[in-house]
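Here is a short report on one protein chain. Please keep the sequence and the model open while reading.

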Amino acid sequence: MIGMPVVIDGKNAGRVVRGVLTEDGRALRGVVIRGGLKMPRWIRRDQISLVGQLSLLADGKPSRVPRDAEYRLFRVSDAEGARLGVVTDALLHEETLRVAALEISFGPVDDLTDGRWYATVFHVQPRGATGHVTVTTQPKEVMEE
């Protein structure tokens, strides 16, 4: 979604700088956009009509970016607390804007050898500006299925 053009009421409003998830990591809360020399602006989830392959369509006027829009999911651990990796992306359902899966990276070397994996069953514990993700299924089990 990053870099995707944003069309509001038929006019180009800029490009997506980042998407912001809800604190529980289950849905898109909104997006931060930037166009030209303008300051970054905020588009709420309820303003988004469609997230397509080529652009994001929205209605209404963008507003000021909320203070807590820096929130992101980061560290990933298993149920016993062992650190597994970090969240690198979220796969969204195009119509509902709900999170279908989180993309998890073990690190650059493992990304090259084994690839990244997707967690569909997870729990998020908000901790300030980041969310700590706990997965109940081990990554190797997910990749073998």
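The notes below cover the core, two pockets and a few single residues.

## Model and core

This is a predicted model. Its largest nonpolar core holds 28 residues. Leu56 and Val133 have the most contacts inside that core.

What does leucine 56 touch, leaving aside residues up to four places away in sequence? Part of the list comes from low residue numbers: Met1, Met4, Pro5, Val6, Val7 and Val16. Val31, Ile48, Leu50 and Val51 complete the set.

## The largest pocket

The largest pocket has a volume of about 610 Å³. Its lining is made up of 24 residues. Nearest the centre lie Ile2, Gly19, Leu21, Asp89 and Ala90.

Which strands supply at least two residues each to this lining? They are E2 (11-21), E8 (72-78) and E9 (83-92). Strand E9 gives the largest share, six residues. By residue type, the lining of the largest pocket has 15 nonpolar, four polar and five charged members.

## The second largest pocket

The second largest pocket holds about 160 Å³ of space. Two elements give two or more residues to its lining: E2 and strand E3 (28-34). The largest share, four residues, comes from E2. Strand E2 also supplies at least two residues to the lining of the largest pocket.

Which residues line the second largest pocket? Ile8, Lys11, Asn12, Ala13 and Gly14 are among them. So are Ile33, Arg34, Gly35, Lys38 and Met39. Arg41 and Pro62 belong to the lining too. The lining of this pocket divides into five nonpolar, three polar and four charged residues.

## Lysine 61 and isoleucine 8

Lysine 61 sits in the loop between strand E6 (56-58) and strand E7 (63-64). Is lysine 61 buried or exposed? Its relative accessibility is 71%, so lysine 61 counts as exposed.

Lysine 61 and isoleucine 8 are 53 residues apart along the chain. Their C-alpha atoms are separated by 7.8 Å. Ile8 is one of the residues lining the second largest pocket.

## Aspartate 111

Aspartate 111 belongs to helix H1, residues 108-113. Why does aspartate 111 count as buried? Its relative accessibility is 19%, and buried means under 20%.

The side chain of aspartate 111 makes a polar contact of 2.8 Å with the side chain of serine 105. Leaving out residues up to four places away in sequence, aspartate 111 touches Ser105, Phe106 and Arg116. Ser105 thus appears both as a polar partner and in the list of touching residues.

## Two positive phi angles

Aspartate 9 is not a glycine, yet its phi is positive, about 50°. This residue lies in the loop between strand E1 (5-8) and E2. Aspartate 9 is exposed, because its relative accessible area is 53% and the exposed class begins over 50%.

Leucine 97 also has a positive phi without being a glycine; the value is near 60°. Where does leucine 97 lie? Its place is in the loop between E9 and strand E10 (99-105). Leucine 97 has a relative accessible area of 5%, so it is buried. Aspartate 9, by contrast, is exposed.

Definitions and conventions. Residues are numbered from 1 along each chain as its sequence is written. This is a predicted model: local features need pLDDT of at least 70, side-chain atom pairs count only at pLDDT 80 or more; totals for chains, interfaces and linings use all residues. Side-chain values use heavy atoms; hydrogens and water are left out. A nonpolar core is a set of buried Ala, Val, Leu, Ile, Met, Phe, Trp, Tyr and Cys residues joined through side-chain atoms within 4.5 Å. Buried means under 20% relative accessible area, exposed over 50%, partly exposed in between (1.4 Å probe, protein chains only). Contact means heavy atoms within 4.5 Å. On a 1 Å grid over the protein atoms alone, a cavity is a set of points where a 1.4 Å probe fits but cannot get out, and a pocket is an open set with protein on both sides within 12 Å along at least five of seven lines; lining residues have an atom within 4 Å of a point. Grid points are joined across faces, edges and corners, and a volume is the space filled by probe spheres set on the points. Ala, Val, Leu, Ile, Met, Phe, Trp, Tyr, Cys and Pro count as nonpolar, Asp, Glu, Lys and Arg as charged, and the others, Gly among them, as polar. A polar contact is a pair of N or O atoms within 3.5 Å; within protein, one must be able to donate a hydrogen and the other to accept it, and residues adjacent in sequence count only if both atoms are side-chain atoms.
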